[in-house]
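Here are some exercises to work through with the model open beside you. Try each task before you read its solution.

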Amino acid sequence: MTADLSSPPAPTAALSRAFADLPLSPGQLAVLQQLEYFEMTPIQAASLPLTLAGHDLIAQAKTGSGKTAAFALTLLSRLNPRHFGVQTLVLCPTRELAEQVSQEIRRLARAQDNIKILSLCGGAPMRAQMTSLEHGAHIVVGTPGRIMDHLQRESLKLDGLNTLVLDEADRMLDMGFIEDIEWVASRCPPGRQTLLFSATYPDGIAKLAARFLRNPQEVKLAETH
Ligand code: ADP
Ligand code: MG
């Protein structure tokens, strides 16, 4: 049988690895070039078409696979710099990871002026964080306990939140953050997009996802070793 070259690609066709095939701004594509991100990693190629279309997502891929940019490009694509309120909240297990995530978002946000990213973690003085919040922020990255603390004091408001990210969800569960995460998620607007990233997929992740994600798409890449 001869192949019909005029037919559209089969549904099983490989996912594009080209950032240019995504609905990203020319400015964002230029930043990716500058950073020498020449093609998407497999988890980015599988996740970004779904998350940029607005789906909730559960993504599992090993450490070092580029999960941060998968959610960072999504949240940056819908960020409104003129609206000076928190539009994205990223929950991370540790201060060190929160700093790394903030840095990666900052690098990827280079094309957009005046985007304020705040890192709010335990162990740092509360007062200074409250003052920073008074000055406003577009993106908050933090550990669950400290975020809960700010919500209770009303120094952090999430009325305008459009994206909630649970990063390293397996580690947050291991560290006993489940109740804090539940409390924080219950204070996020119901219409937000929720993205859950994890290196492993224990039972607890499925339960967490079932409670806080809406019709999530699932992307799972090879098991970690
Ligand atoms: P993970 O969260 O999956 O552990 P990271 O998001 O920390 O992984 O990414 C690991 C490294 O890969 C980082 O140094 C990041 O800058 C780099 N990286 C991410 N995406 C790309 C890409 N598309 N091309 C090149 N490097 C990338
Ligand atoms: Mg990560």
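## Exercise 1: Around helix 2

Helix 2 is followed by Gly54, which has a positive phi near 100°. Keep in mind that this is a predicted model.

**Task.** Which residues of helix 2 are buried, and what covers them?

**Solution.**
- Step 1: Go through residues 42–52, the span of helix 2, and call a residue buried if 20 or more other C-beta atoms lie within 10 Å of its own C-beta.
- Step 2: The residues that pass are Ile43, Gln44, Ala45, Ala46, Ser47, Leu48 and Thr51.
- Step 3: Now look for their cover, which includes two strands from late in the numbering, strand 6 (193–198) and strand 7 (217–220), as well as strand 1 (57–60) and helix 3 (67–77).

## Exercise 2: Helix 3 against helix 4

**Task.** At what angle do helix 3 and helix 4 pack, and is their crossing left-handed or right-handed?

**Solution.**
- Step 1: Fit the axes; helix 3 and helix 4 (residues 95–108) lie with axes 10 Å apart, at about 55°.
- Step 2: Because the angle falls between the roughly parallel range (under 35 degrees) and the roughly perpendicular one (65 to 115), helix 3 is oblique to helix 4.
- Step 3: The crossing is right-handed.
- Step 4: On the helix 3 side the contact is made by Thr68, Ala69, Ala72, Leu73 and Leu76, and on the helix 4 side by Val101, Glu104, Ile105 and Leu108.
- Step 5: Sorted by class, this contact has 7 nonpolar residues, 1 polar and 1 charged.

## Exercise 3: Helix 6 against helix 8

**Task.** Repeat the analysis for helix 6 and helix 8: what are the angle and the distance between their axes?

**Solution.**
- Step 1: Helix 6 (residues 144–153) packs on helix 8 (residues 178–186) at about 40°, and the axes are 9 Å apart.
- Step 2: That angle makes helix 6 oblique to helix 8.
- Step 3: Their crossing is left-handed.
- Step 4: Helix 6 brings Pro144, Gly145, Ile147, Met148 and Leu151 to meet Asp180, Ile181, Trp183 and Val184 of helix 8.
- Step 5: The class count for this contact is 7 nonpolar, 1 polar and 1 charged.

## Exercise 4: The whole chain

**Task.** What radius of gyration does the protein chain have, and what would a compact globule have?

**Solution.**
- Step 1: For 225 residues, the globule rule gives a radius of gyration near 17 Å.
- Step 2: The protein chain has 18 Å, which agrees.
- Step 3: For context, the C-alpha trace spans about 70 × 40 × 30 Å along its principal axes, and 37% of the residues are buried.
- Step 4: To finish, note that the chain has 9 helices and 7 strands.

Conventions
Residues numbered from 1 in each chain as written. Chains lettered and ligands numbered in written order. Predicted model: local features only at pLDDT ≥ 70, side-chain atom pairs only at ≥ 80, totals over all residues. Helix = DSSP H or I, 4+ residues; strand = E, 2+ residues; numbered from the N terminus. Rg over C-alpha atoms; globule rule 2.2 N^0.38 Å. Buried ≥ 20, exposed ≤ 12 C-beta atoms within 10 Å, placed from the backbone. Axes fitted to C-alpha atoms, helices over the stretch in contact; angles between N-to-C directions. Parallel < 35°, antiparallel > 145°, perpendicular 65-115°, else oblique. Left-handed = near helix turned anticlockwise from the far one by under 90°. Contact = placed C-beta atoms within 7 Å. Nonpolar A, V, L, I, M, F, W, Y, C, P; charged D, E, K, R; others polar.
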